[in-house]
Amino acid sequence: MSQSETPTVQSLQAEVARLREDLQMKDQLVQQLSQELFRLVKSNANPILNQQVPEEYLEQMRLLREQMQGFEEQVDFYQEQIANRDGEIYQLRQSVQELTDRSRMLEQVVQELPEIYRAKFAERMAPVKEKVEKLQRENRQLHAELQSVSYRLALRSRRQSGNLELPKLSGGQGPDISLPSMGNA
C-alpha cells in the first residue's frame with residue numbers, strides 16, 4: 001500500500017468502528033423500548049377490558065374461548081391416545097424382541113438337529129453293527145466248517161465209490177470240478 005492510501009484505509013476503519021458503536025447503541029435503545037412497550041401493554045391490558053367494549057367483540061371473545069377450550073380438550077384426548085399407542089408400541093417392541101430371540105434359538109436348534117440325529121443314529125447303530133459283525137464271523141466259521149464237512153464227505157464217498165469227487169463250493173469261490181474215478185474198470 002502507498003502512503004496516500006493509508007489515511008484512507010485508516011479513516012474507513014474509524015468510520016466502520018463509529019458506525020458499529022451507533023448500531024450497538026440503537027440496538028440497545030430498541031431493546032429498552034420494546035421492554036417498556038411490553039410492560040405498558042401488560043399493565044394496560046385490564047383497563048382496556050374495563051372500558052366499554054362493543055358487545056360483538058365480547059361475543060367473539062367468548063366464542064374464541066369456547067373454541068380454544070374445545071381445542072385443548074382435543075389436544076388432551078390426542079395426547080392420551082398417543083400415550084396409549086406409545087405403550088402398545090413398547091409392548092409390541094418387547095414382543096418382537098422376545099420372538100426374535102426365540103427364533104434365533106430355534107434356528108440354532110434346527111442347525112444342530114442333524115448332528116444330534118447323526119450321533120443318536122450312530123449310537124443306536126453301534127449294537128446293530130456289532131451284531132452284524134458277530135453274525136458275519138459266525139457265518140464265515142460255519143462256512144469253513146461246512147467246507148470241511150463237505151470235503152470229508154467227499155473223501156468218504158470217494159473211498160466208498162472209488163471216484164474222486166471234490167466238494168462243490170457255492171458262492172463263486174471256485175469252479176465246480178469233479179474228476180473221473182480211476183478204479184472202475
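Glu80 counts as exposed, at 53% relative accessibility; buried means under 20% relative accessible area, exposed over 50%, and partly exposed in between (1.4 Å probe, protein chains only). The exercises below begin with this residue.

The model is predicted, so local features need pLDDT of at least 70 and side-chain atom pairs count only at pLDDT 80 or more, while totals for chains, interfaces and linings use all residues. Residues are numbered from 1 along each chain as its sequence is written, and side-chain values use heavy atoms, with hydrogens and water left out.

**Exercise 1. State where Glu80 lies and which negative surface patch it helps to form.**

Step 1. Glu80 is located in helix H3. Helices are DSSP runs (H or I, at least four residues), as are strands (E, at least two), and both are numbered from the N terminus.

Step 2. Together with Glu72, Glu73 and Asp76, Glu80 forms a negative patch on the surface. Patches are made of residues with over 30% relative accessible area and no salt bridge; like charges are joined within 9 Å, and nonpolar side chains (Val, Leu, Ile, Met, Phe, Trp, Tyr) within 5 Å.

Step 3. Asp and Glu count as negative, Lys and Arg as positive, and His and the chain ends are not counted. The place of a charge is taken as NZ of Lys, CZ of Arg, CG of Asp or CD of Glu.

**Exercise 2. Identify the residues of the positive surface patch and describe the setting of Arg137.**

Step 1. The patch of positive charge gathers Lys131, Lys134, Arg137 and Arg140.

Step 2. Arg137 belongs to helix H3, which covers residues 55-161.

Step 3. With a relative accessible area of 47%, Arg137 is partly exposed.

**Exercise 3. Analyse the salt bridge between Glu36 and Arg39.**

Step 1. A salt bridge is a side-chain nitrogen of Lys or Arg within 4 Å of a carboxyl oxygen of Asp or Glu. The structure holds seven of these salt bridges.

Step 2. The side chains of Glu36 and Arg39 meet at 2.1 Å, N to O.

Step 3. Both residues lie in helix H1 (residues 5-43), three residues apart, about one turn of the helix.

Step 4. Glu36 is partly exposed at 35% relative accessibility, and Arg39 is partly exposed at 45%.

**Exercise 4. Describe the salt bridge of Glu66 with Arg62 and the placement of both residues.**

Step 1. The closest N and O atoms of the Glu66 and Arg62 pair are 2.4 Å apart.

Step 2. Glu66 and Arg62 are four residues apart in helix H3, about one turn of the helix.

Step 3. Relative accessibility is 40% for Glu66, which counts as partly exposed, and 37% for Arg62, which is also partly exposed.

**Exercise 5. Explain why Arg104 and Asp101 are separated by about one helical turn, and describe their salt bridge.**

Step 1. The side chains of Arg104 and Asp101 form a salt bridge of 3.9 Å, N to O.

Step 2. Arg104 and Asp101 are separated by about one helical turn because they are three residues apart in helix H3.

Step 3. Arg104 is exposed, with a relative accessible area of 53%, whereas Asp101 is partly exposed at 38%.

Step 4. Elsewhere, Glu15, Arg18 and Asp22 are joined into one network by salt bridges that share partners.

**Exercise 6. Summarise the overall architecture and surface of the protein.**

Step 1. The protein has three helices and zero strands; from the N terminus on, its elements run α-α-α.

Step 2. Of its 185 residues, 1% count as buried.

Step 3. The accessible surface comes to about 17,600 Å², of which 56% belongs to carbon and sulfur atoms. Accessible areas come from the Shrake-Rupley method with a 1.4 Å probe; for residues, only the protein chains shown count as cover.
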